[in-house]
Structures are given as structure tokens and as C-alpha cells.
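This report looks at how pairs of helices are placed against each other. Please keep the sequence and the structure in view while reading.

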Amino acid sequence: MIFETHAHLNDPAFDEDREHLILGLPEKGIEAVMNVGCCLESSGDCIALAEKYPFVYASVGSHPDSADEVNEAVIEKYRQMAGHPKVLAIGEIGLDYYYETIPREIQQKAFRMQMELAKELDMPVIVHERNAHDDGMRIVKEFPGVTGVFHCYSGSAEMARQLVNMGWYIGFTGVLTFKNARKAVETAESIPLERIVLETDCPFMAPEPFRGKRNDPGYLYRMAERLAEIRGISVEEVHAVTTDNAKKLYRLG
Ligand code: NI
């Protein structure tokens with residue numbers, strides 16, 4: 001059984017078959033799903049979904065693309081939502097300088113406000129960081145007591161080793177299975193297995209040989225197969241260790 005550490009099952013891409021898909025996940029080997037919020041509205045949807053299915057959990061937070069909605073009133077709403085028993089993390093939060101739909105200063109302010117909330121509530125965070133490695137590292141270092149996962153990791157192996165030493169987990173998506181995934185593979189080879197978690201980031205980023213299709217947690221076995229290949233260990237060990245890591249990351253049981 002594997003722990004899916006980053007999904008967006010509330011996405012409209014699942015409107016046609018969401019219930020059927022989620023109910024079928026246990027028989028596809030999925031033990032638990034962290035369904036991740038991206039803005040105030042989707043965070044509410046994540047909680048509603050988590051209330052419906054015992055193995056689905058939720059996080060609340062504003063993605064860098066929604067950074068402009070973050071203010072004290074929104075933080076107060078997240079503070080209240082975080083008290084829900086199925087809400088296990090603050091996220092996804094962070095910086096995205098690839099699309100940069102929102103100006104950098106606004107992204108940084110929203111990131112800091114939500115890191116501050118995680119610190120206050122003593123909760124793990126789910127960080128989205130793309131093309132913003134230096135600023136991302138600088139801001140997480142301002143909050144030494146706060147850790148969590150750098151999801152869909154895209155930094156260098158050296159940066160991952162630094163994060164691991166600071167107590168962070170590194171999340172790998174289907175990118176690991178892509179032919180041009182040199183950096184992700186190098187990172188997955190060189191950090192301790194005890195710090196790696198697996199995710200789909202569905203409906204995006206479907207792994208090979210499903211690249212381009214709608215992704216869903218049922219494809220997570222491909223990331224596990226690829227990680228087993230990279231590390232030279234059994235798929236069973238990858239399932240067991242990464243699931244254990246995910247439970248530690250989200251402080252479950
Ligand atoms: Ni995501």
C-alpha cells in the first residue's frame with residue numbers, strides 16, 4: 001500500500017467520475033491520500049472531500065498563483081479550518097517564478113504569512129517552489145521550527161541535501177519517470193530513502209507511459225517502480241518506507 005502525498009481530487013477534471021475513482025483507490029494499493037488546497041475556496045472543498053472518505057486527508061493554504069488573496073482575514077479562516085481533525089498541513093504555499101502570475105513580493109508576503117501560521121499552529125507545510133530556489137530557501141530558513149515537504153521537487157541534489165539536514169521531506173512526482181528527468185533522478189539517488197515521499201500532483205504530471213493523460217492516484221505505482229529501479233531496491237521496500245515517511249511528515253498515528 002502507498003501513501004499519495006499530493007493530489008487535487010477536488011479539481012474539475014474529476015467532476016465526471018470522482019466518487020467512483022476515489023472508492024476504487026484502496027484496491028489499487030492506495031492507503032491514504034493527502035488532498036491539497038490551493039486557495040481559500042479549494043481548501044474548503046478539500047475538507048468536504050476529506051469528511052466524505054476516511055482515507056482522504058486535507059491541507060489548507062494559498063498557492064503562489066493565489067497569493068494575492070492572502071490577508072489577515074484569510075489567515076484567520078485558515079486558522080479555524082486547521083482545527084478540523086482531517087486537516088494535517090498548511091499548503092500548498094510557496095513561490096512560483098516560472099509563471100509569475102502574481103508579483104514576487106506578493107508571493108513572498110503570502111508565503112511568510114502562511115509559514116508564520118504553520119509555526120503558530122505547529123503544523124507541517126507543503127511547499128510549492130518553482131524557479132525560485134534561492135528565495136525559497138531563504139524564506140524557509142527564516143522559520144527554523146517549521147518543516148514539511150518540498151513537493152514536486154525541482155531543485156538541485158545539493159539543495160535537497162540541505163533541506164533534508166534541516167528536517168524536510170522531498171516529494172517526487174511522475175517527473176521521475178520522464179526520460180529527461182536527470183536532476184530529479186540524481187536527487188532521488190543521493191538523499192536518504194527515509195526522506196522521500198511519493199505524489200502524483202494529479203490531475204497534472206501523469207507518469208510514463210501515461211504522460212499527457214489525466215493523472216490520478218492509481219498511477220502512483222509507477223513512481224514507486226521507478227524509485228525502486230533508481231535505488232536498486234524492491235518495490236515493496238519503496239512502498240513500505242515512503243508510506244512510513246508520509247505518516248511521519250503528516251504526523252499521522
Ligand atoms: Ni499541487
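## Helices α6 and α7

In this predicted model, helix α6, covering residues 157–165, and helix α7, covering residues 182–190, have axes that come within 9 Å and cross at roughly 40°. That angle makes α6 oblique to α7, because angles of 65 to 115 degrees count as roughly perpendicular and those under 35 degrees as roughly parallel. The crossing of these two helices, α6 and α7, is right-handed.

On the side of α6, the residues that take part in the contact are Ala-157, Ala-160 and Arg-161, and they meet Glu-186, Thr-187 and Ser-190 in α7. Sorted by character, the residues of this contact between α6 and α7 are two nonpolar, two polar and two charged.

## Helices α8 and α9

Further along the chain, the axes of helix α8, which spans residues 220–231, and helix α9, which spans residues 235–249, come within 8 Å and cross at roughly 110°. With such an angle, α8 is roughly perpendicular to α9, and the crossing in which α8 passes α9 is right-handed.

Which residues of α8 meet α9, and which residues of α9 do they meet? From α8 come Ala-224, Glu-225, Leu-227 and Ala-228, while α9 contributes Val-235, Val-238, His-239 and Thr-242. The residues in this contact of α8 with α9 divide into five nonpolar, two polar and one charged.

Conventions
Residues are numbered from 1 along each chain as its sequence is written. This is a predicted model: local features need pLDDT of at least 70, side-chain atom pairs count only at pLDDT 80 or more; totals for chains, interfaces and linings use all residues. Side-chain values use heavy atoms; hydrogens and water are left out. Axes are lines fitted to C-alpha atoms, for helices over the stretch in contact, and angles run from 0 to 180 degrees between N-to-C directions. Helices (H or I, at least four residues) and strands (E, at least two) are DSSP runs, numbered from the N terminus. Angles under 35 degrees count as roughly parallel, over 145 as roughly antiparallel, 65 to 115 as roughly perpendicular and the rest as oblique. A crossing is left-handed if the near helix is turned anticlockwise from the far one by less than a right angle, and right-handed if clockwise. Contact means heavy atoms within 4.5 Å. Ala, Val, Leu, Ile, Met, Phe, Trp, Tyr, Cys and Pro count as nonpolar, Asp, Glu, Lys and Arg as charged, and the others, Gly among them, as polar.
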